Amino acid sequence: MFFYVYILQSAQDIERFYEGFTEDLRSRLIHHNRGESVHTAKHTPWRIKSYFAFSNRQKAIDFER
């Protein structure tokens with residue numbers, strides 16, 4: 001199992017980015033692109049700009065901070 005810290009970039013506003021944490025990167029991107037997150041709904045669609053995978057949950061959380 002991996003834990004991901006990810007950076008999304010809005011395709012509609014390329015100057016807009018969003019950073020998050022998840023255990024399932026693919027489903028989280030789908031969630032964002034369906035407008036199901038209040039923080040990202042206005043700027044869909046999103047694409048993954050970067051992501052970092054960790055085998056340790058706490059290290060991922062610490063990295064995100």
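This section describes the strands, helices, core and side-chain contacts of a predicted model.

The model contains an open sheet of three strands, arranged in the order β2-β1-β3 with antiparallel pairing. Strands β2 and β3 (46-54) form the edges, each pairing on one side only. From one strand to the next, the twist averages 20°. Within this sheet, β1 (residues 3-10) and β2 (residues 17-22) run antiparallel and are joined by six bridges. The connection between β1 and β2 is a hairpin of six residues. Two of the bridge partnerships can be named: Ile7 is partnered with Glu19 in β2, and Leu8 is partnered with Tyr18 in β2.

Both helices described here are placed against the sheet. Helix α1 packs on the sheet and touches β1, β2 and β3, and its direction makes about 150° with that of β3. Helix α2 (residues 57-64) lies across β1, β2 and β3 as well, running at about 160° to β2.

The largest nonpolar core consists of five residues, namely Tyr4, Tyr6, Leu8, Leu25 and Trp46. Strand β1 supplies the largest share of this core, with three residues. Such an arrangement may be set beside a general tendency: in soluble globular proteins, nonpolar side chains tend to be buried together. Leu8 thus appears twice in this account, as a member of the core and as the bridge partner of Tyr18. For Leu25, the contacts beyond its neighbours within four places in sequence are Tyr4, Tyr6, Ile48 and Tyr51. Tyr4 and Tyr6 are themselves members of the core.

A polar residue, Ser10, was examined in more detail. Ser10 belongs to strand β1. Because its relative accessibility is 0%, Ser10 counts as buried. The side chain of Ser10 takes part in two polar contacts with backbone atoms: a polar atom of this side chain lies 3.1 Å from the backbone nitrogen of Asp13, and the side chain also reaches the backbone oxygen of His43 at 2.7 Å. When neighbours within four places in sequence are left aside, Ser10 is in contact with Arg16, His43, Pro45 and Trp46. Of these residues, Trp46 is also part of the largest nonpolar core.

The count of salt bridges comes to two. In one of them, the side chains of Asp13 and Arg16 meet, with an N to O distance of 3.8 Å. Asp13 is partly exposed, because its relative accessible area is 26%. Arg16 is likewise partly exposed, with a relative accessible area of 36%. Asp13 and Arg16 are also both linked to Ser10, Asp13 through its backbone nitrogen and Arg16 through a contact. A further salt bridge is formed by Arg57 with Glu23, whose closest N and O atoms are 3.9 Å apart. This pair links distant parts of the chain, since Arg57 is in helix α2 while Glu23 is in the loop between β2 and α1 (25-33), and the two are 34 residues apart. Arg57 is partly exposed, with a relative accessible area of 40%. Glu23 also counts as partly exposed, at 40% relative accessibility.

The loop between α1 and β3 holds several of the residues considered here. Thr40 is found in this loop. At 0% relative accessibility, Thr40 counts as buried, because residues under 20% fall in that class. Beyond its neighbours within four places in sequence, Thr40 is in contact with Tyr18, His32 and Trp46. Arg34 is located in the loop between α1 and β3 as well, but Arg34 counts as exposed, because its relative accessibility is 61% and the class begins over 50%. Arg34 and Trp46 are twelve residues apart in sequence, and their C-alpha atoms are 9.7 Å apart in space.

Pro45 likewise has its place in the loop between α1 and β3. The peptide bond that joins Thr44 and Pro45 is cis, with omega about -5°. As a general rule, most peptide bonds are trans. Pro45 is, in addition, one of the contacts of the buried Ser10.

Key. Residues numbered from 1 in each chain as written. Predicted model: local features only at pLDDT ≥ 70, side-chain atom pairs only at ≥ 80, totals over all residues. Heavy atoms only, no water. Pairing = 2+ DSSP bridges. Helix = DSSP H or I, 4+ residues; strand = E, 2+ residues; numbered from the N terminus. Buried < 20%, exposed > 50% of the residue type's maximum accessible area, 1.4 Å probe, protein only. Polar contact = N/O pair within 3.5 Å; in protein donor to acceptor, adjacent residues only side chain to side chain. Contact = heavy atoms within 4.5 Å. Core = buried A, V, L, I, M, F, W, Y, C linked by side-chain atoms within 4.5 Å. Salt bridge = Lys/Arg side-chain N within 4 Å of Asp/Glu carboxyl O. Axes fitted to C-alpha atoms, helices over the stretch in contact; angles between N-to-C directions.
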